[in-house]
Amino acid sequence: MGINNLSGYLTLDNFDTGVNMALAARYEFLVSGYEITVGGIYQPQKPWALMTTAAGSIADVSVFAEGVLEGNSDKVFVIKDDTNPLGLSTETREGQVFFSGTVGGRYSYTTEDDMFSVAFSAQYFYNGQGYSDIASLTENPEAIGALLAQGKLRYSDLFERGQHYLAANVFMNDIAKTDLSPSLLWLMNLNDGSGFLNASVRYSGLDPLSLSLGYRFNYGPEGGEYSPLGDKHSLSLSVSLSGTF
């Protein structure tokens, strides 16, 4: 037997008319040490979704997975159209059901004397609303710009344009009690070959101030999701203040 939890939600912007009504439900339970969640959300005339997640551990590695079915999507897709002078046009696919899913893991290690700790995580994401062939987005940037200017395409429709993504992150905290915490993040769109590496180091020894120095390298072909202008290097320096006032 496990611990089960069922919850439901109802929101209404206007109770009398039911405008912008949303119904959601979630059921959580345990199976052999894994926490399973199933749920869904329904909104009339808006996108709906059904989801399930699983989280647990294999040996010393924390693992997780998630699957989502989405329908009535309002995303606008770019398609090739030889009848249009631009060579491209747009369409929506409200009647299509999309599947997206992700799987990943996390491992952490700390020495007995707390002089060194590291956490490593990796994740794969399949985006059902992405393009298997994104040539139409990268080979004709003038047409994409025209569709945006005409209001037939939104900038948000161009986010997460690929179907396959990989990400990895390494974080080390307060190495040898020096108040230095370096990290490295990598993210890549496997469909267009673009991605970025973000390396940073934070120094917290000036309490309540902390300093962060970052280096970012965006790579890939011109027009790629993470490389609209091709390869690019950048540096950043930030100062943050924290405390109780």
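**Exercise 1. A glutamate in strand 2**

Which residues does E28 touch, not counting residues up to four places away in sequence?

*Solution.* Please keep in mind as you work that this is a predicted model. Start by placing the residue: E28 belongs to strand 2, which covers residues 22–31. Next, list its contacts. With residues up to four places away in sequence not counted, E28 touches I3, N4, N5, E35, I36 and T37. Finally, look at its charge. E28 is buried yet has no salt bridge. The nearest side chain of opposite charge belongs to R26, 4.0 Å away.

**Exercise 2. Finding the salt bridges**

Find out how many salt bridges the count comes to, then describe the residues that form them.

*Solution.* The count comes to two salt bridges. Let us take them in turn.

- Step one: the side chains of E91 and R93 meet at 2.9 Å, N to O. E91 is partly exposed, with 31% relative accessibility. R93 is also partly exposed, at 25%.
- Step two: D157 and R154 join their side chains in a salt bridge of 2.8 Å, N to O. Here D157 is buried, with a relative accessible area of 2%, whereas R154 is partly exposed at 36%.

**Exercise 3. The two sides of a helix**

Work out which residues of helix 2 are buried and what they pack against.

*Solution.* Helix 2 runs over residues 141–149, and its buried residues are A143, I144, L147 and L148. Why do they share a side of helix 2? They cover an arc of only 140° around the axis, so they lie on the same side of the helix. Now turn to the other side of helix 2, where E142 and A149 are exposed.

The next step is to find the packing partners. The buried residues of helix 2 pack against strand 6 (76–80), strand 7 (88–92) and helix 1 (135–138). Just after helix 2 there is one more thing to spot: G151 takes a positive phi of about 80°.

**Exercise 4. A valine in strand 6**

Decide whether V78 is buried or exposed, and list its contacts.

*Solution.* V78 is a residue of strand 6. Its relative accessibility is 3%, so V78 counts as buried. Leaving aside neighbours within four places in sequence, V78 is in contact with L88, S89, Y131, S136, L137, I144 and L153. One of these, I144, is among the buried residues of helix 2 from the previous exercise. For a contrasting distance, try L190: this residue is 112 residues from V78 along the chain, and their C-alpha atoms are separated by 19 Å.

**Exercise 5. Reading the open sheet**

Trace the order of the strands in the open sheet and find its edges.

*Solution.* Twelve strands form the open sheet, in the order 1-2-3-4-5-8-9-10-11-12-13-14, with antiparallel pairing. Strand 1 (5–11) and strand 14 (232–241) stand at the edges; each has a single partner strand, so one side of each is left without a neighbour in the sheet. From one strand to the next, the twist averages 10°.

Take a closer look at strand 14. Among its ten residues, the count of buried residues is zero, and the strand is hardly covered. Ten bridges join strand 14 to strand 13 (residues 209–219), and the two run antiparallel. As an example of a bridge, S210 has S240 in strand 14 as its partner.

**Exercise 6. Strands 4 and 5**

How many bridges join strand 4 to strand 5?

*Solution.* Strand 4 (residues 48–58) and strand 5 (residues 61–71) run antiparallel and are joined by eleven bridges. One position to check is A55, which stands opposite F64 in strand 5.

Now compare a residue from each strand.

1. T53 sits in strand 4. At 18% relative accessibility, T53 counts as buried, because the cut-off is under 20%. Not counting residues up to four places away in sequence, T53 touches E35, I36, T37, A65 and E66.
2. L69 sits in strand 5. L69 has 36% relative accessibility and counts as partly exposed. Leaving aside neighbours within four places in sequence, L69 is in contact with W48, A49, L50, V97, F98 and F99. L50 is 19 residues from L69 in sequence, and their C-alpha atoms are 5.1 Å apart in space.

Notes: Residues numbered from 1 in each chain as written. Predicted model: local features only at pLDDT ≥ 70, side-chain atom pairs only at ≥ 80, totals over all residues. Heavy atoms only, no water. Buried < 20%, exposed > 50% of the residue type's maximum accessible area, 1.4 Å probe, protein only. Helix = DSSP H or I, 4+ residues; strand = E, 2+ residues; numbered from the N terminus. Arc of directions from axis to C-beta. Contact = heavy atoms within 4.5 Å. Lys, Arg positive; Asp, Glu negative; His and termini not counted. Pairing = 2+ DSSP bridges. Axes fitted to C-alpha atoms, helices over the stretch in contact; angles between N-to-C directions.
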